[in-house]
Amino acid sequence: MDEETQPKVAEIPRIWVVVADSEQARFFEAESCIGALRELGGMKQLTGSEDKTKHFAREVANRLDVEGQQGAFDRLVIAANPAFLPTLRAYLSSRVRELVAEELSKDLVHDSADQVRRNLPIHL
């Protein structure tokens, strides 16, 4: 069989999960659509004023935009503190918004990777 007649193998999507509040964001990669999460790192904000919260949301959104442009993920799940989610959402680029598969208005930033995964849909 030549390359044109070989059946195409479906690519496994690269899925990222970000959990955030106004002071911290953590980034995870899902091993598969139904798999465990592996923590990739995070970001911290040390003060909590309204201006700082907006600045932090913009920084998190910028990181997601850069990582998305570099192909780090094909699908994004966001779980954010209910007070922070609208602010973060406002700063997401249109490209990143197109990749958002799920949003959860939950504060999971202090949970373990396993606890975060249990709060997400079974199939990402």
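**Exercise 1. Place Gln-45 and describe its surroundings.**

Gln-45 sits in the loop between β3 (37-44) and α1 (50-69). Helices (H or I, at least four residues) and strands (E, at least two) are DSSP runs, numbered from the N terminus. The model is predicted: local features need pLDDT of at least 70, side-chain atom pairs count only at pLDDT 80 or more, and totals for chains, interfaces and linings use all residues. Residues are numbered from 1 along each chain as its sequence is written, and side-chain values use heavy atoms, without hydrogens and water.

Step 1. Is Gln-45 buried or exposed? Its relative accessible area is 10%, so Gln-45 is buried (under 20%; exposed is over 50%, partly exposed in between; 1.4 Å probe, protein chains only).

Step 2. List the contacts (heavy atoms within 4.5 Å). Beyond four places in sequence, Gln-45 touches Ser-22, Glu-23, Lys-52, Thr-53 and Phe-56.

Step 3. Check Lys-52. Its backbone oxygen is 2.6 Å from a polar atom of the Gln-45 side chain.

**Exercise 2. Work out how β1 is enclosed and paired.**

Step 1. Count buried residues. In β1 (residues 15-20), six of the six are buried, so the strand is largely enclosed by the rest of the structure.

Step 2. Split the faces. In a regular strand, side chains alternate between the two faces of the sheet. Ile-15, Val-17 and Val-19 lie on one side of β1, Trp-16, Val-18 and Ala-20 on the other, and all are buried.

Step 3. Find the partners (pairing takes at least two DSSP bridges). β2 (residues 24-30) pairs antiparallel with β1 over six bridges. Val-19 stands opposite Arg-26. β4 (residues 75-80) runs parallel to β1, joined by six bridges. There, Val-18 has Ile-78 as its bridge partner.

Notes. Polar contact = N/O pair within 3.5 Å; in protein donor to acceptor, adjacent residues only side chain to side chain.
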